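Work through the exercises below with the structure open. Try each task before reading its solution.

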Amino acid sequence: MNLETLFVREKKEFNKLIGIASDTFYIENRLPEQVFREQFNYFLFEEFDWAMDKDFWSTIQQLSIETKDDYVLTAVLDPNPVEYFYKEFNYYNWMKLPVNLSPDEYLDVLELGPEESPADAVLYNSYTVIWLPPSMKWAIWGERSYGVCVLGIQDVNNSADLLPILKNWRSIDETVLSWVGLNFVNQQLPQEIADTFFLNYSNGVK
């Protein structure tokens with residue numbers, strides 16, 4: 001497979017996809033604010049670095065099979081896909097990844113930067129990233145600066161078959177906050193940020 005064909009290049013397609021993303025996320029927000037729209041009410045966490053690894057893609061594949069999705073949008077919000085990436089490279093740092101992509105190919109496409117600037121590959125230059133299937137039954141928001149990804153599920157009662165796939169993901173707890181804390185001075189997470197995470201992402205609490 002020519003992995004370069006997976007990147008979004010047309011403005012019309014980008015505008016359609018960013019509309020779908022905006023129906024899923026408050027794309028201007030950042031953690032610990034609530035980044036998911038109201039239809040998502042169940043949240044699980046993993047470490048951001050894991051999302052940049054091929055094992056992560058195996059989980060994405062299993063989720064997609066359960067929700068009958070044939071691709072997953074993997075899209076960078078920071079750096080800005082229009083004001084920076086498209087302006088510099090004439091295409092977007094957004095990819096429509098087929099579910100049948102192998103884990104090795106997933107890693108390869110993350111490492112595939114512009115020819116003139118390999119350091120701008122998603123693997124290296126991405127601070128806020130989303131993973132979104134067309135069914136929108138689940139979605140993932142990741143922030144490198146906080147070291148975590150958040151997976152949101154629309155209706156956990158009707159999506160209970162997804163939870164066994166996510167057995168390594170955690171509800172918001174002290175372990176998750178310790179991951180976030182690694183990114184702060186003296187690895188101490190300010191209480192205000194911890195409280196905001198719990199307020200927005202404790203399951204059953206909006």
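**Exercise 1. A charged pair**

Which residue forms a salt bridge with K96, and how far apart are the closest N and O atoms?

*Solution.* Note at the start that the model is predicted.
- Step 1. Look for a carboxylate partner. Side chains of opposite charge can pair when their charged atoms come close.
- Step 2. Apply the cut-off: a side-chain nitrogen of Lys or Arg must lie within 4 Å of a carboxyl oxygen of Asp or Glu. The partner of K96 is E13, with the closest N and O atoms 3.1 Å apart.
- Step 3. Place the pair. K96 sits in strand β3 and E13 in helix α1 (residues 11-24). They are 83 residues apart, so the pair links distant parts of the chain.
- Step 4. Classify both ends. Partly exposed covers the range between under 20% and over 50% relative accessible area. K96 has 27%, so K96 is partly exposed. E13 is at 29%, so E13 is partly exposed too.

**Exercise 2. The other salt bridges**

How many salt bridges does the count come to? Take two further pairs and describe them.

*Solution.*
- Step 1. The count is four.
- Step 2. Take D78 and R30. Their side chains meet in a salt bridge at 2.9 Å, N to O. D78 belongs to strand β2 (residues 71-78), while R30 is in the loop between α1 and β1, so the pair ties together parts 48 residues apart in sequence.
- Step 3. Check exposure. D78 has 24% relative accessibility and counts as partly exposed. R30 has 22% and is also partly exposed.
- Step 4. Take R170. Its salt-bridge partner is D173, and the closest N and O atoms are 2.8 Å apart. R170 is partly exposed, at 32% relative accessibility.

**Exercise 3. The sheet**

In what order do the six strands of the open sheet run, and is the pairing parallel or antiparallel?

*Solution.*
- Step 1. Recall the principle. Strands of a sheet pair through backbone hydrogen bonds, either parallel or antiparallel.
- Step 2. Read off the order: β1-β6-β5-β4-β2-β3, with antiparallel pairing.
- Step 3. Find the edges. β1 and β3 (94-98) each have a single partner strand, so one side of each has no neighbour in the sheet.
- Step 4. Add the twist. From one strand to the next, the twist averages 20°.
- Step 5. Add the helix. Helix α6 (residues 174-181) packs on the sheet and touches β1 and β6. The direction of α6 makes about 50° with that of β1.

**Exercise 4. Around β6**

Which residues of β6 point one way, and which the other way? Then trace the partners of β6.

*Solution.*
- Step 1. Sort the side chains. V148, V150 and G152 point one way, and C149, L151 and I153 point the other way.
- Step 2. Test burial, with the cut-off at under 20% relative accessible area. Six of the six residues of β6 are buried, so this strand is largely enclosed by the rest of the structure.
- Step 3. Go to β1 (residues 42-47). Six bridges join β1 to β6 (residues 148-153), and the two run antiparallel. In register, F43 stands opposite G152, and E47 stands opposite V148.
- Step 4. Compute the setting of β1. Five of its six residues are buried, so β1 is largely enclosed by the rest of the structure.
- Step 5. Go to β5 (residues 138-143). Six bridges join β5 to β6, again antiparallel. I140 stands opposite L151.
- Step 6. Inspect the connection. β5 and β6 form a hairpin with four residues between them. In the turn, G147 has a positive phi of about 75°.

**Exercise 5. Two helix residues**

Is N200 buried or exposed? Compare D108.

*Solution.*
- Step 1. N200 is in helix α7 (residues 191-201). At 13% relative accessibility, N200 counts as buried.
- Step 2. Find a polar contact. The N200 side chain reaches the backbone oxygen of P32 at 2.9 Å.
- Step 3. Turn to D108, in helix α5 (residues 103-110). D108 is at 39% relative accessibility, so D108 counts as partly exposed.
- Step 4. Check the distance to L3. The C-alpha atoms of D108 and L3 are 8.0 Å apart, with their positions 105 residues apart along the chain.

How values were computed: Residues are numbered from 1 along each chain as its sequence is written. This is a predicted model: local features need pLDDT of at least 70, side-chain atom pairs count only at pLDDT 80 or more; totals for chains, interfaces and linings use all residues. Side-chain values use heavy atoms; hydrogens and water are left out. Buried means under 20% relative accessible area, exposed over 50%, partly exposed in between (1.4 Å probe, protein chains only). Two strands pair if DSSP finds at least two bridges between them. A polar contact is a pair of N or O atoms within 3.5 Å; within protein, one must be able to donate a hydrogen and the other to accept it, and residues adjacent in sequence count only if both atoms are side-chain atoms. Axes are lines fitted to C-alpha atoms, for helices over the stretch in contact, and angles run from 0 to 180 degrees between N-to-C directions. Contact means heavy atoms within 4.5 Å.
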